[in-house]
Amino acid sequence: MASRDNGVRMRRHFGCGVAMAALVASGAAEARSRYVRPYVELTQVVAADLTNDEVLTYSQVAVGVDAGLSGRNAEGQVSYRYERRIQWNDRYADDGVHTGLARASVTVAPGLALEGGAIATRARSDIRGAAPGTFVGQVDNLTQVYSLYAGPSVTTQAGPVRIAASAFAGYTKVEVPNATGLAPGQQRLDYYDDSKNVIAQASAGVAAGAVLPVGVSVSGAYEREEAGQLGQKYEGYFARADVTLPVSRTAALRAGAGYEKIKATQRDALVDAAGNPVLDANGRFVTNPGSPERIAYNTDGLIYDAGVIWRPSPRFELQANAGYRYGGETYFGSLNWNMARDTGLQVVLYDGIGTFGRQLRNGLRDLPTAFQGSANPFGQQFNGCIFGSNPGGAGGGAGDCLNDVFQSISTASYRARGVDGVISTRQGRTAYGFGAGYSNRRLNVPQLAPGTVAYGITDESYYAQLFWSRALSRVSQVDANLFANYYESGLPGADGVFNLGATGTYSHQFGRLGTVASLGVYTFDQERFESQWSAQALLGARYTF
């Protein structure tokens, strides 16, 4: 009962977050464009397990809203959908699924802006487990995730000094997954519960040539997170100074150094007489109230890095950096290229100490405030790549991928390294995008603590997604998605997991009434298991108010 209450509470939080983003955005002045499209949808779905020759038929009732605003002082978009699935037999219970994404940024006064975001989606829980492409019924290794964040940012000028500050708070809730579909003999990981996090940042700097031949800035940040599973805590802060030296009209060298301290801790799981972790009614580890706070990760000392900035035009910027951090070498950089008014490219090379809640908050912040929607109900999961609907202009650019965030859901902190790239374009009636990346996590947990099975383990994933949409006429459209993922865990006995899927949708509007037809085909493969193939077909009608 407690788990159900938590889920209801989180769904209310998500609904409040979406409503808040929409309300703030709609209150902004001088909107260039604005739309609000609530709808109700009735569909019939056939889902086939092609490997085991099983067919599941169910009806689906959905309500949702698509809304957006673009103005001089505000950018925002909301896409939210609740589906109630009604089975035609007694093999599976009826279930409900929430999917949604909201992003908004509003300038409320000169130099003062508010921004926020929220997401509801289903995602894989254990990186070693099943990787279904369809989220229908009692599918293994899937859990419902809710997350939101919000906060202000301030920029001002004091003579030649530019001052900036921001503060954001976030909350993430994860429900207990279905069976994870692990190979026999593999020990289960903990089930993530929830987390609360805050981050505050400030900086001050002068541009090159304003006072000195070089640009100088100082900055600092403080971040804290508390997670519900095993009393995990994360706390980090840093202070640093940076110098930028222009070497030509388009290039500059930069270098910086400072001090950083990060500490992540957790408590032991309670164990029974046989030494096995005790689980609560939801299957989560019970925290030992007498356990000390054990250190999972700790770093304290000097950090430094240097690199190059190349900006040959206002539409192109490349940064490449190398340095020392987290007790060793670090590399990071970015490429942002607005190739044309309707085409954008973004590539990010990253390295940092992450947790699931904080990484999801940062992933939400990186998403565009104007994103590409889809008429495909099978594709509205928001757990992969999200493409910008205005890739070469306002609203956040090309887009970003959340695949690295949803690689797996673990309470442990980790060092996250990888590369992520997205390119998207909109040309006339056609829009398409491609995203791909690689993610590497080294998990940080206390050594020899009860319940610990992932000490010093490294997880990896590779992912790619292709999106294409074409308006055939003013009232009809086709959409297609193709995705592939590969997951590999360093846990003993774990094998690689590969999944592949393709979906296609045709939609047609008859005034406020629209029809939609979708087809999806999926497969995933785990070593020591037979490859699983499945397909879905959907036919439905949507009425937009």
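**Figure 1. A nonpolar patch on the surface.** In this predicted model, F434, L466, L482, F498 and L500 together make a nonpolar surface patch of about 410 Å². One of its members, L466, sits in strand 20, which covers residues 458-471. With a relative accessibility of 40%, L466 counts as partly exposed.

**Figure 2. Q465, beside the patch residue L466.** Like L466, which belongs to strand 20, Q465 has its place in that strand. Is Q465 buried or exposed? Its relative accessible area is 15%, so Q465 is buried. Its side chain reaches the backbone nitrogen of C385 at 3.0 Å. Look around Q465 and, beyond its neighbours within four places in sequence, you will find it in contact with G384, C385, F387, G433, F434, G435, N481, L482 and F483. Two of these contacts, F434 and L482, also help to make the nonpolar patch of Figure 1.

**Figure 3. Salt bridges among E41, R81, E83, R85 and R542.** These five residues are linked in a network of salt bridges. Start with E41 and R81, whose closest N and O atoms are 2.5 Å apart in their salt bridge. E41 belongs to strand 1 (residues 31-49) and R81 to strand 3 (residues 74-87), so this pair ties together parts that are 40 residues apart in sequence. How accessible are the two partners? E41 counts as buried at 1% relative accessibility, and R81 is buried too, with a relative accessible area of 2%. Now move to E83 and R85, whose side chains meet in a salt bridge at 3.0 Å, N to O. Both of these residues are buried as well. For the wider setting, a search of the whole structure finds 23 salt bridges.

**Figure 4. A salt bridge between two loops.** Here R284 forms a salt bridge with D193, and the closest N and O atoms are 3.8 Å apart. Which parts of the chain does this pair tie together? R284 lies in the loop between strand 11 (251-266) and strand 12 (294-313), while D193 lies in the loop between strand 7 (161-174) and strand 8 (194-206), so the linked parts are 91 residues apart in sequence. Although they are found in loops, both R284 and D193 are buried.

**Figure 5. Two loop residues with a positive phi.** L230 is not a glycine, yet it has a positive phi of about 60°. You can find L230 in the loop between strand 9 (215-227) and strand 10 (233-246). L230 is buried, with a relative accessible area of 6%. Y326 is another residue other than glycine with a positive phi, near 60°. Its loop runs between strand 13 (316-325) and strand 14 (328-340). With a relative accessible area of 13%, Y326 is buried.

**Figure 6. Helix 2 and its cover.** Helix 2 takes in residues 356-366 and is mostly covered. How many of its eleven residues are buried? The count is eight: F356, G357, R358, Q359, L360, R361, G363 and L364.

**Figure 7. Q526 and A131, brought together from afar in sequence.** Q526 has its place in strand 23, which holds residues 513-526. At 7% relative accessibility, Q526 counts as buried. Q526 and A131 are 395 residues apart in sequence, while their C-alpha atoms are 8.5 Å apart in space. For the chain as a whole, take the contacts between residues at least 6 apart in sequence: 62% of them join residues at least 24 apart.

**Figure 8. The whole chain and the confidence of the prediction.** Stepping back from the close-ups, the chain contains two helices and 24 strands. Of its 545 residues, 50% are buried. The chain exposes about 23800 Å², with carbon and sulfur atoms supplying 58% of that area. The average pLDDT is 86, and 88% of the residues score at least 70. Where should you take care? Over residues 1-29, pLDDT stays under 50, and the model has 39 contacts beyond four places in sequence for this stretch. Predicted coordinates should not be read in detail where pLDDT is low.

Definitions and conventions. Residues are numbered from 1 along each chain as its sequence is written. This is a predicted model: local features need pLDDT of at least 70, side-chain atom pairs count only at pLDDT 80 or more; totals for chains, interfaces and linings use all residues. Side-chain values use heavy atoms; hydrogens and water are left out. Patches are made of residues with over 30% relative accessible area and no salt bridge: like charges are joined within 9 Å, nonpolar side chains (Val, Leu, Ile, Met, Phe, Trp, Tyr) within 5 Å. Accessible areas come from the Shrake-Rupley method with a 1.4 Å probe; for residues, only the protein chains shown count as cover. A salt bridge is a side-chain nitrogen of Lys or Arg within 4 Å of a carboxyl oxygen of Asp or Glu. Helices (H or I, at least four residues) and strands (E, at least two) are DSSP runs, numbered from the N terminus. Buried means under 20% relative accessible area, exposed over 50%, partly exposed in between (1.4 Å probe, protein chains only). A polar contact is a pair of N or O atoms within 3.5 Å; within protein, one must be able to donate a hydrogen and the other to accept it, and residues adjacent in sequence count only if both atoms are side-chain atoms. Contact means heavy atoms within 4.5 Å. pLDDT is the predictor's confidence in each residue, from 0 to 100.
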